[in-house]
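Student: I'm new to this structure and would like a close look at a single part of it. Could you pick up my question below and lead me outwards from there?

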Amino acid sequence: MKLKVKNLVLILSALIFAVVLLIIIFTIGKKRPSEKKTAENHDKLILGFSQIGSESAWRSRNTQSIFEAAEENNIQILFDDAQQKQENQLKAIRSFIVYQVDVIAFVPIVEDGWDNVLQEARDAGIPVILVDRQINADSSLYAGFLGENGLEEGRKAAQFLLQKIQNDEDVSISQKINILELSGTENSSVVRERAKGFREVIEKDSRLQIIHSEDGDFLRSRGKEITESLIQKARDSGNYKNDALYFEGQKIDVVYSHNDSMTLGFLDSIENYGVNTGDTIIISIDAEQKSIDALVRGKLNCVVECNPNLGPMLMNLVKMIARGNKIPRITYIEEKVFTEDDDFALYEPRGY
C-alpha cells in the first residue's frame, strides 16, 4: 500500500513538473518576439510605416527616402503598402499596435475616419506621426505632422499665373481666362489645400475663372482619360478644333494640375490627338524629373516642387519622441518653384 502511495506521489510530481515546464516554455515563447527585437536588432527603434501606394515616381521616392534615412539612423521599419485603400491602412496600423512598435507613421489617403484607430494607438502608448497629408481628427490623438504646405503650393502656382498674364501684352484687361483644374484624390487634405491656396490668389484677378475641375486621383492614367474625354466631347459636338483644348465650347487657356502624374497623362493625350496647346499655360505640382524635362522642352510653364525627401526629417522626429520629447505640431519641408524663365543649365538631376 505504501508502495502504491509512493508511486502515486511520484506520478503526480512528474505531472506537476511537466505542467510547470510547459507553462515556462509557453511564456518564453510568447516573449520571444520582443526579446528577439532587442537582442538581434541591437535595441533598434521600430517604426511602423504605412504608405498609401506606389502610384508615381514621387511616391516611390518618398518611400525610398524614408527607408534610406531609417538605415542611416539604425531604425527598423515595419512597412505596409496600402494600395490606395484606407481599410488596408487601418489594418496595418492595428498590426503595428499589436507588434508594439515604438512609433507609427503613416500617409493618410483621406482626411476622415482615423479617430478610432488613433485612439487605440494612444491607449497602447504608441505615438503617431502624420506624413505628407493631414487629417480631420482630435489633434491630441497624434504627435505631429511632417510634409508639404499644400496651401503654399497652390498659392505659388497661382502667383506664377498672375505674373505671367500681367506681363503678357497679348492678354487684354477684359479678356476672360479659362482654367481647367486636374484635381487629386477626393477628400485628401493636399487636394483641399492646393485648391484653396490657388483660389485665394486667382480671386485677385477677375479675368481668371475655373470653368472645370475634375478628380484625377493623382494618376497618370486618369489625367489621360480626362483629357481624352474632353477631346471626344468636343468632337461629338461637331465644333471640334485642335488649336487648343475645349470644355463645352470654351477654350481652355490654363491647366492647373495637382500633380505631375496627371500632367504627364494630359500631355500624353494632347500629343496622341495632335492638339496644339502652345498657347496654353500649363502649371503642375511635384517636380518629378519627367515634368522638369517637359518644362525644359517648353511643354510646361511652371512646376511647383513638392519635396518627397522626408526621410531624414522623419527619423529626427522619431528619435525625439523616443527620447520622451515633444515634436512640433507641424513641420514643413522646403520647396522650390521651377519656371520657364529659369536658367535650365543650373538644374540638377531630380533623382525621381
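Which residue in E14 stands opposite Val-303?

Tutor: Happy to help! The residue opposite Val-303 is Phe-338 in E14. Before we look around, a word on what you are seeing. This is a predicted model, where local features need pLDDT of at least 70 and side-chain atom pairs count only at pLDDT 80 or more, while totals for chains, interfaces and linings use all residues. Residues are numbered from 1 along each chain as its sequence is written, and side-chain values use heavy atoms, with hydrogens and water left out.

Let's start with the strand that holds your residue. Strand E12 covers residues 302–305; such labels refer to DSSP runs, numbered from the N terminus, with helices (H or I) of at least four residues and strands (E) of at least two. In a regular strand, side chains alternate between the two faces of the sheet. In E12 both faces are covered, with Cys-302 and Val-304 buried on one side and Val-303 and Glu-305 buried on the other. Here buried means under 20% relative accessible area, exposed means over 50%, and partly exposed falls in between, using a 1.4 Å probe and protein chains only.

Which strands pair with E12? E14 does so in the antiparallel sense, over three bridges; two strands count as paired if DSSP finds at least two bridges between them. Strand E11 (residues 281–286) runs parallel to E12 and is joined to it by four bridges. One pair to look for here is Ile-285 with its bridge partner in E12, Val-304. E11, H9 and E12 also make a right-handed β-α-β unit. The crossover is called right-handed if, with the strands pointing away from you, the path from the first strand over the helix to the second runs clockwise.

Now follow E14, which spans residues 337–339, to Thr-339. Thr-339 counts as buried because its relative accessibility is 12%. Leaving aside residues up to four places away in sequence, Thr-339 touches Phe-160, Leu-295, Asn-301, Cys-302, Phe-344 and Tyr-347. Touching, or contact, means heavy atoms within 4.5 Å. Cys-302 in that list brings us back to E12.

Another residue that reaches E12 is Glu-153, found in helix H5 (residues 150–167). Its relative accessibility is 0%, so Glu-153 counts as buried. Beyond residues up to four places away in sequence, the contacts of Glu-153 include Val-304, Glu-305 and Ile-285, as well as Arg-194. Glu-153 and Arg-194 are 41 residues apart in sequence, yet their C-alpha atoms are 6.2 Å apart in space.

Arg-194 leads us to a hollow inside the model. There is one cavity of 30 Å³ or more, and the largest cavity has a volume of about 110 Å³. Thirteen residues line it, and Arg-59, Arg-133, Arg-194, Phe-218 and Asp-286 are the closest to its centre. H2 and helix H6 (189–202) each give two or more residues to this lining. The lining divides into four nonpolar, two polar and seven charged residues.

Helix H9 points to an open space as well. The largest pocket, at about 420 Å³, takes at least two lining residues each from helix H8 (260–273) and H9 (289–296). Its lining has 21 residues, with Leu-267, Ala-294, Arg-297, Lys-299 and Leu-300 nearest the centre.

What do these terms mean? On a 1 Å grid over the protein atoms alone, a cavity is a set of points where a 1.4 Å probe fits but cannot get out, a pocket is an open set with protein on both sides within 12 Å along at least five of seven lines, and lining residues have an atom within 4 Å of a point. Grid points are joined across faces, edges and corners, and a volume is the space filled by probe spheres set on the points. Ala, Val, Leu, Ile, Met, Phe, Trp, Tyr, Cys and Pro count as nonpolar, Asp, Glu, Lys and Arg as charged, and the others, Gly among them, as polar.

Finally, step back to the whole protein. It has 10 helices and 14 strands, and buried residues make up 47% of its 352 residues. Among contacts between residues at least 6 apart in sequence, 74% join residues at least 24 apart.
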